[in-house]
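Let's take a walk through this one together, a stop at a time. Have the sequence and the 3D view side by side as you read.

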Amino acid sequence: FFFFFFFFPFFGLEHRCSIMLIPKKNRRIIYEYLFQEGTLVAKKDASAPKHHDLDVPNLQVMCVMRSLKSRGLVQETFNWGWFYWFLNNEGIAYLRGYLSLPEEIVPDTLKKPRSQPREGGERRGRGDRGERDRSAPREPRKFDAEKKVGAPSGDFKPDFRGGQSLGRGRGGREGYRTQQSGQGQQAAPQQ
């Protein structure tokens, strides 16, 4: 067994996880965190000594989550070297049974954010606009008066300078085509 990993240490995650035994204590820590948050994130680094949020080796976290994914209990997304796992309804039911939790406890992702009641019960708006008639036309804003609408004035003369593009966008150096056409054959006289 040791011989196998000594000479073939670079096998993928699927080979490492297929023969890994994870202690119940670590599995329970991972399950509790996953159920509490509803999501779990791990860097794709099998050699990391521990996960950045849990006191468990990162490889064990990846293997446990891979097992849950293969059973259809979590949804996995991989982006920029990080795994993102999201609990689905079947996963919530499974973890609730594994952790012996009542039905009232749900992950944080399913809880609605509590809005704190405002003092005085008044609705706060943006700035001091006061009450105004919404059917009336609005007053012009500062930058509306500065806008110039329509075609440019008669003295507008755009200037497109060629030859300053450092050889990009115009097909190379100046006069290349005329020099080349003059060497092989004579150019037709222009009328």
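Start with E103, which forms a salt bridge with R96, their closest N and O atoms being 3.5 Å apart. (A salt bridge here is a side-chain nitrogen of Lys or Arg within 4 Å of a carboxyl oxygen of Asp or Glu.) The two partners sit in contrasting surroundings: E103 is exposed, with a relative accessible area of 59%, whereas R96 is buried, at 11%. Those words have cut-offs: buried is under 20% relative accessible area, exposed is over 50%, and partly exposed lies in between, using a 1.4 Å probe and protein chains only.

Before moving on, some ground rules. This is a predicted model, where local features need pLDDT of at least 70 and side-chain atom pairs count only at pLDDT 80 or more, while totals for chains, interfaces and linings use all residues. Residues are numbered from 1 along each chain as its sequence is written, and side-chain values use heavy atoms, with hydrogens and water left out.

The structure holds four salt bridges. Another of them joins E32 to R28, with the closest N and O atoms 3.3 Å apart. E32 and R28 are four residues apart in helix 3 (residues 24-37), so about one helical turn separates them. Helices (H or I, at least four residues) and strands (E, at least two) are DSSP runs, numbered from the N terminus. E32 is partly exposed at 38%, and R28 is partly exposed at 35%.

Now for the sheet. It is open, with three strands in the order 1-3-2 and antiparallel pairing; two strands count as paired if DSSP finds at least two bridges between them. Strand 1 (39-43) and strand 2 (74-79) are the edge strands, each pairing on one side only. On average, neighbouring strands are turned by 20 degrees against each other, direction ignored. Strand 2 pairs with strand 3 (residues 82-87) in the antiparallel sense over six bridges. In general, strands of a sheet pair through backbone hydrogen bonds.

Look next at E76, which stands opposite W85 in strand 3. E76 also forms a salt bridge with K69, the closest N and O atoms being 3.6 Å apart. Both ends are partly exposed: E76 at 28% and K69 at 40%.

Finally, find helix 4 (residues 58-70), which lies across strand 1, strand 2 and strand 3 and runs at about 130 degrees to strand 1. Contact means heavy atoms within 4.5 Å; axes are lines fitted to C-alpha atoms, for helices over the stretch in contact, and angles run from 0 to 180 degrees between N-to-C directions.
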